[in-house]
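Subject: Structure for you to look at

Dear colleague,

I am passing on the structure we spoke about, together with some notes on what was found in it. Please open it alongside this message and follow the residues as you read.

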Amino acid sequence: MLRIKRVPTIVSNYQKDDGEVAVGGCGRNCLRECCIKATAPSKPYSTTAAAVAVSSQRVDLSKKIGIARRRRLPNPKSQIPDLGSGPGSGTRARAKLPLYAFKKVNKIASEKPDVSACARDLPVAFLDSLLLGEWEDRMEKGLFRYDVTACETKVIPGNYGFIAQLNEGRHLKKRPTEFQVDKVLQPFDGSKFNFTKVGQEEVLFQFEASEDGEVQFIPSAPIYVENSPSVVAINVSPIEYGHVLLIPRIFECLPQRIDHESFLLALNMAVEAASPYFRLGYNSLGAFATINHLHFQAYYLATPFPIEKAPTKKLTTTTPHEVKISELVQYPVRGLVFEGGNSLEDLAKVVSDSCIFLQDTNIPYNVLIADSGKRIFLLPQGSRRTIENNPKPLKYLECYAEKQALGEVSAELLDTQVNPAVWEISGHMVLKRKKDFEEASEENAWRLLAEVSLSEARFEEVKAMVFEAITCSIFEDASGMLPKEASLPVRGIVSNKKGSSVMNGHHECLVRQ
């Protein structure tokens, strides 16, 4: 078991030091049964009952957001729902939160937003109004550990425009904790910090699919543990404006592993936000996730991430999903780019199948959802595998966290205290020391990120295995029906290096020889 000591990011004010005992009883107004009445209703609530029409609640928040933005935004609510336990007929009132019910979309708009035109004001969707208004409200209540809007930020001169932020408030005075870094899938441990332990005041709203196919908003909807709603909560150590956590099916206490349903939920959030400035990110265990409770992160930044500007090379288009898969070129981290698809579900399925394969194969990875859900970047790191009964056991020690644990990262890079998770890999460098901020350069950023990337040879191997996994999944969905040879989903996409080839497998999927 390979472990590393590092300071975990504080995402909630209720996150405790190891061995520190929570307040008994619990008296914290958390999301567990001690603070949420557990009795279920006779049937699940309807998003249409007592719903408030979105059009009547819409607020104009067409303001510039990002590096040049330091403005307060209006709150979209007439009043903040009471999240506490109140009196009522001698029993505790059921906890309530706003509920945003999104409309399921069948097709993503093919037109890409012009992210580079940041000076132009764009209309803001209602989800933005709700999220930003609630986030601003929590800022005014002092729930964040520091004011991220006061953090100095700059675009580093160069071809890619890496973004550097000086965030000394994120440098924690908390003792390091040991994390296992050589196992991507680990069982959920309820004794450790998880998101059911956050205070209800840190949760902004419930986020669910609408039952009637239309967008609905309920300002104060009961929280039913039995329904295990997905929720959006603040990150109390924000990297940027509007930094939140999307926690799918929170009461199911899922470990940090992507599944089809959770990834589709994240894509729906990106589509619903309808803002090129809003991105979602995901870190697997072993790729700098430190909380083993399924969650995505998201925030606003009104400048393109360098990874979004990097050139790509098309590899293939899957059939029948019509998802185009490309690879990054001329970027310090090797990765795959997914876009298109006949539907949002098709795009979600192809990407989540890839993620599921990586985590099941113990390969750490990061995901960036950009362009309002139109483009997804999948960035595998390394895996640590020993092939048994081999006279020369093969070990892959390319994961940056494992390199740290094994002392294979230079002291110069370690001193920066930058943990290259999804935001850093995408080009947003969060620096904790003023010296590093003042000396930030494209060369330094490139050198750090190159340490994270798979080698070319290893990337070719991982890429080939990912495509095989996607192909097998497509054939399984087709109930074993083999499509025509001309329509093979990933024909000709595996490595063309000597010793690798593609053929039809016994189980109607592609295998390597």
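The notes below go through helix packing, the nonpolar cores, one helix face and some backbone details.

Please keep in mind throughout that this is a predicted model.

To begin with helix packing, the axes of helix α2 (residues 126–140) and helix α3 (residues 260–273) come within 7 Å and cross at roughly 100 degrees, which makes α2 roughly perpendicular to α3. On the α2 side the contact is made by Leu127, Asp128 and Leu131, and on the α3 side by Met269, Glu272 and Ala273. Sorted by class, this contact of α2 with α3 has 4 nonpolar and 2 charged residues, with no polar ones.

Met269 appears again in the interior, for the largest nonpolar core has 70 residues, and those touching the most other members are Phe207, Phe263, Met269, Leu280, Phe338 and Val367. Leaving aside residues up to four places away in sequence, Leu280 touches Leu246, Ala266, Met269, Ala270, Phe296, Gln297, Ala298, Val367, Leu368, Ile369 and Trp423. There is also a second, separate core of 33 residues, which includes Val333, Leu379, Trp423 and Ala440.

A contact between parts of the chain that are distant in sequence involves Ile356, which lies in helix α5 (residues 344–360). Ile356 and Asp259 are 97 residues apart in sequence, yet their C-alpha atoms are 6.8 Å apart in space. Besides Asp259, and again not counting residues up to four places away in sequence, Ile356 touches Ile258 and His260.

In helix α10 (residues 442–452), the buried residues are Glu442, Ala445, Leu448, Leu449 and Val452. Seen down the axis of α10, these buried residues fall within an arc of 135 degrees, so they line one face of the helix.

Finally, some backbone details deserve a look. The peptide bond from Thr319 to Pro320 is cis, with omega near 10 degrees, and Pro320 is found in the loop between β12 (312–317) and β13 (323–328). Glu322 lies in that loop between β12 and β13 as well, and its phi is near 60 degrees, a positive value in a residue other than glycine. Asp371, in the loop between β15 (365–370) and β16 (375–380), also has a positive phi, of about 50 degrees, although it is not a glycine. As for their surroundings, Glu322 counts as partly exposed at 39% relative accessibility, whereas Asp371, at 4%, counts as buried.

With best wishes

Definitions and conventions: Residues numbered from 1 in each chain as written. Predicted model: local features only at pLDDT ≥ 70, side-chain atom pairs only at ≥ 80, totals over all residues. Heavy atoms only, no water. Axes fitted to C-alpha atoms, helices over the stretch in contact; angles between N-to-C directions. Helix = DSSP H or I, 4+ residues; strand = E, 2+ residues; numbered from the N terminus. Parallel < 35°, antiparallel > 145°, perpendicular 65-115°, else oblique. Contact = heavy atoms within 4.5 Å. Nonpolar A, V, L, I, M, F, W, Y, C, P; charged D, E, K, R; others polar. Core = buried A, V, L, I, M, F, W, Y, C linked by side-chain atoms within 4.5 Å. Buried < 20%, exposed > 50% of the residue type's maximum accessible area, 1.4 Å probe, protein only. Arc of directions from axis to C-beta.
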